[in-house]
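Visitor: I would like to learn how to read a model of this kind, one feature at a time. Please show me the structure and then take me through it.

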Amino acid sequence: MTEKAKNDERHQQILNAFQAAIGVENVKDNPATVNAYFGDFLPPKMLGMTMPPEFVVLPNGTMETQAVIKICNRYKIPFIPVGSNQWSLTGSPNRPHTVIIDCKRMGAIHEIDEKNMYAVIEPLCTLAQVQAEAYKRGLYIGSPEASATASAIGGHVFQGMWGVGYRLGVAYRNILGLEWVLPNGEILRTGSFSQDADNGFWGEGPGPDLRGMLRGYAGAMGGVGMVTKMAVKLHPYPGPKVWPVEGVIPNQTSVLPEDRFKWHMVKYESLEDAVNFMYEVGKAEIAGVVQKWPTVYYIMWWSKSCEEYWTEWQKRTFQDNAKNAVGVCLWGFTSGKQLEYETRVLEDIIKETGGKPVKKEVYDMWVPHNANDWIRDTHGSRMMRASGTFLALRLQTDTLKYSIGQVKTGYKWVDKFSPPILDSDGPDWIGGYDFGHFGFGETDFPVEKNTEAIGDLMGKLMGMVKEDVTNGLENGVGPFLGGAYHQMAAPVFKYDKLLKGIKRAIDPNRVSNPPHQIDPDA
Amino acid sequence: MAKEMLLPKDPRYLKYPLEGPFDQEKARWIAFNCSRCSVCKWVNSWQVKSARYARICPQHTRYMFDSHSGQGKCDLALSIIDGKMKWGDDPEIKDILFRCTMCGGCDAMDKNIRDAELVKLYRWMRTEYIKDQGILPEQKPLVDSLKQYDNVWVQPRSKRNAWAKELKDLGIKDLNKEKAEVLLFVGCTYGLSQELKGTIINIAKILKANKVDFGILGDSELCCGSPPDKIGLPEEFERLATANIKRFNELGVKTVVTPCAGCYGTIRVEYDELPVKKNFEVLHVAEYIEKLIKDKKIKFKKEVPVTVTWHDPCHMGRMSRPYVPGKDILGAYEEPRNILKAIPGVELVEMERIKEYAWCCGGGGGAFTAFKDFAQWTARERLTEAKDTGASMIVTSCPWCESNLRAGGIGMEEKMEIKNLFDLMMEAL
Ligand SMILES: Cc1cc2nc3c(=O)[nH]c(=O)nc-3n(C[C@H](O)[C@H](O)[C@H](O)COP(=O)(O)OP(=O)(O)OC[C@H]3O[C@@H](n4cnc5c(N)ncnc54)[C@H](O)[C@@H]3O)c2cc1C
């Protein structure tokens, strides 16, 4: 038998097995289908680093997912669980014979427990769907910059950084009960799901907290099996039952009730002063969102067309008026009186820290069109409008103070590599989390989407990351978030043995999205 | 000293590159710049009001694999253009391309985050597919009918005017013989369907009663060209559209009004892509009549106590205006609603997905003829959404929507009355 014939026979056997397990119509291996599952967003597809999967399968529920994963083990073929698959860097096959486990048949919201403030969801549910249902009940959930079309489970098991994280912390800390098919096909239920599959209110344990295998910065990237059901925390929300929208796409605005929500845009002389202000706001335990956006963000989100982006860039409205500005959204959680109180506290802080309000016309541009979007969606893909794509470096979670140094060293790299990095005005995004207990910094910039520019830049950024790692610094993981992130970071932070041990124990056949979360044999 | 600006080298990022005739380069541009963000699959999250009605794309909702979404079509186009796949490589390509209802839901959502026109890409893909693989057997009768009879319903030309003959006493002008300010462009479906001819009769009566100087082309009216345009036959579209523009210009009419959303969107937007220029404005009958109501020319006499919901036909809504990057995705959204609100006794309640983010009825893009099962599944989704408003009637003004919603409603447990806007209006006059 030729190699090809053997492969064909094996392919047919696997196909038959999948079809028998989950139904003929839910398994596909034809070129037109698999062609839609290997990128694109950032460079891998353009640079030929990804390839189409061999199969795309659509299991329904935990048992069918288990059956699929068992078949992958039987044939020792890799699988990748995907949510909305926006983060195609880790959701696209990087080796032959990969199976994509697409969650399109798992879109139910099993329950919203209003009293105990949690929702039990399946992997397809988007954050926008969960939000819509939560709002009706006076509750809310966040959304990453990526957008609320991201799967809510995907958002919780991946990066988990969102606008309302100032109040709610990182998304992965909002995970409660979990139902999850491990890479070896075993079903694991954690938290209260371990006692009662219908009750998701509690996340911890029992025993050591196994959620840790899945959580952590950038999560396991599909390397530890597939979550099929998750209970996520919801939080009290003083806003309307339906998100308020005026106007028509793409010029919509959104104004939340003024007696409960009030944005303040406060400008400082320096980034240090801006971050100091963020600390003070956190210490006072006020506000729902605290963000220091880079000027490039203002333009990315404000512009409704490419032409407007570059024209706006040249007008310098945001560069001249919003540099080092911090956006603070005060929420009157309990009453209008709370908002009044928080406003007085904020005004004192502004006075003490020497802040100035941004010009009214800039405030009026940004707030109704974009600021509230950090509560609802953010529409992150607008970052790609102006030049086809963007890249990021120096993504780090640290103290707010340390974020300053990080983004500033980020500028240097940006300067050094411009071009191909396009104009970006010192991109310094710093988000406050957990009332200022920590910050998340990121240096984002537009790059023209063409193989030459991207290839060149990727090489340089990888070089930079390696240099940093050699110097004992874990940062600049932006370009690495698609690659073997933990492979790189784990030895620096000395958690490699632990991760490798976990991977060996639960993924004996190395089938769950290798090389993630770590390659135990490397 | 100010630093030199670092702008993209490719001028297409600086100025919208998709104006003018559409070609492979433009198709590639759209496909290449898809970032797999998935906005083409969902209603813009600001407008998601429940988990149940959060989807925008009927095809993707029904067939689930990403290949059946806007993103998947971009991936397919890119692979084909870059020579990695061929149209004949996979029989499913036909389904991916032609089950799409060309409703523009993905297109409108996409315009929220980038400058592109997905529906133009799909049309180009269909054309290229047909060049390579031939016309779909399911659509062959429609295409033959267009060529033979200039209508999509395999009916002799003489039948097109049958409804008007019933109204002899009304004295509707025949624009082949006399002049008028307004051409009532009836469209193939209202003109030829026994089931729907009551609507065009009502419209003619309303216009006449309000002394509108209008006329029709009778059996010399041609198809507007929408079906061949949507299913990927640009030459057939050009033939019909060019003939129509020339004819309408010759007639010297100021306004072309049509009750068919498909004709409306096509004459209003797609005709502008042809070298021959229009010397007339294009209105949907709803826009014309709303103005008469606003000007207090129409007086309602009776109450019609009913709770209704309005279904926005895609080609009367988001697909009915030329795209200008950064500008609102407008359409005739308010006019029909204003008419409904003006009818005494009518209470209008809204579905969750409306206007530029409306859910399609399922009847567009050739699906009504070629993929009935899917078209009707899509209609049932819409009817369920309508039912959830508490309304007992869904009102619209597009013959494809009406017919497809009716077909979809057959066998549904909870019935919902489906009515044309002008039929409802007539009840109050
Ligand atoms: C423009 C842009 C901006 C972004 N900004 C942010 C940001 O500000 N904050 C932030 O947190 N993220 C951000 N991201 C990253 C990412 O897109 C989001 O975190 C998003 O929530 C991921 O959701 P998804 O459904 O698209 O996940 P996917 O892309 O489908 O998956 C992401 C990873 O999680 C794994 N995974 C998905 N579902 C499951 C499951 N059910 N079980 C096990 N593993 C699973 C996948 O294998 C993959 O490795 C951004 C992305 C883009 C493109």
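Visitor: What does the radius of gyration say about chain A?

Guide: The idea is to set the value beside what a compact globule with the chain's number of residues would have. This is a predicted model, and for the 522 residues of chain A the expected radius is near 24 Å. Chain A has 23 Å, which agrees. Along the principal axes, the C-alpha atoms of chain A fill a box of roughly 80 × 55 × 45 Å.

Visitor: And how does chain B fare by that rule, and what is its secondary structure?

Guide: Chain B is made up of 19 helices and nine strands. Its radius of gyration is 22 Å, close to the 22 Å given by the globule rule for 429 residues, so chain B is as compact as a globular protein of that length. The C-alpha trace of chain B spans about 70 × 60 × 45 Å along its principal axes. For chain A the secondary structure comes to 18 helices and 18 strands.

Visitor: What share of the residues in each chain is buried?

Guide: A residue is called buried when its relative accessible area is under 20%. In chain A, buried residues make up 66% of the 522; in chain B, they make up 67% of the 429. As for the surface that remains, chain A exposes about 17,900 Å², with 54% from carbon and sulfur atoms. Chain B has an accessible surface of about 15,800 Å², and carbon and sulfur atoms account for 52% of that.

Visitor: How should I read contacts by sequence separation?

Guide: Take the contacts between residues at least 6 apart in sequence, and ask what part joins residues at least 24 apart. That part is 71% in chain A and 76% in chain B.

Visitor: Where do the centres of positive and negative charge lie in each chain?

Guide: Here one compares the mean positions of the two sets of charges. Chain A has 54 positive and 60 negative side chains, with the two centres 2 Å apart. In chain B the 66 positive and 61 negative charges have mean positions 2 Å apart.

Visitor: How many residues does each chain bring to the contact, and what area is buried between them?

Guide: Chain A brings 74 residues and chain B brings 62. About 5,600 Å² is buried between the two chains, and carbon and sulfur atoms give 56% of this area. On the side of chain B, Arg36(B), Trp46(B) and Phe65(B) supply 17% of the area it buries against chain A, more than any other three residues.

Visitor: Let us take single residues. Is Leu124(A) buried or exposed, and what is it in contact with?

Guide: Leu124(A) sits in the loop between strand S6 (118-121) and helix H5 (127-136) of chain A. With a relative accessible area of 9%, Leu124(A) is buried. Beyond its neighbours within four places in sequence, Leu124(A) is in contact with residues including Cys103(A), Met106(A), Trp42(B) and Arg55(B). The C-alpha atoms of Leu124(A) and Gly154(A) are separated by 8.6 Å, although the residues are 30 apart along the chain.

Visitor: And where is Asn112(B) placed?

Guide: Asn112(B) lies in the loop between helix H5 (105-110) and helix H6 (118-133) of chain B. Asn112(B) is buried because its relative accessible area is 3%, under the 20% cut-off. Leaving out neighbours within four places in sequence, the contacts of Asn112(B) are Ile249(A), Pro250(A), His379(A), Arg382(A), Arg385(A) and Asn44(B).

Conventions: Residues numbered from 1 in each chain as written. Chains lettered and ligands numbered in written order. Heavy atoms only, no water. Helix = DSSP H or I, 4+ residues; strand = E, 2+ residues; numbered from the N terminus. Buried < 20%, exposed > 50% of the residue type's maximum accessible area, 1.4 Å probe, protein only. Contact = heavy atoms within 4.5 Å. Rg over C-alpha atoms; globule rule 2.2 N^0.38 Å. Areas by Shrake-Rupley, 256 points an atom, 1.4 Å probe, with all protein chains shown as cover. Lys, Arg positive; Asp, Glu negative; His and termini not counted. Charge placed at Lys NZ, Arg CZ, Asp CG, Glu CD. Buried area = accessible area lost by both parts, 1.4 Å probe.
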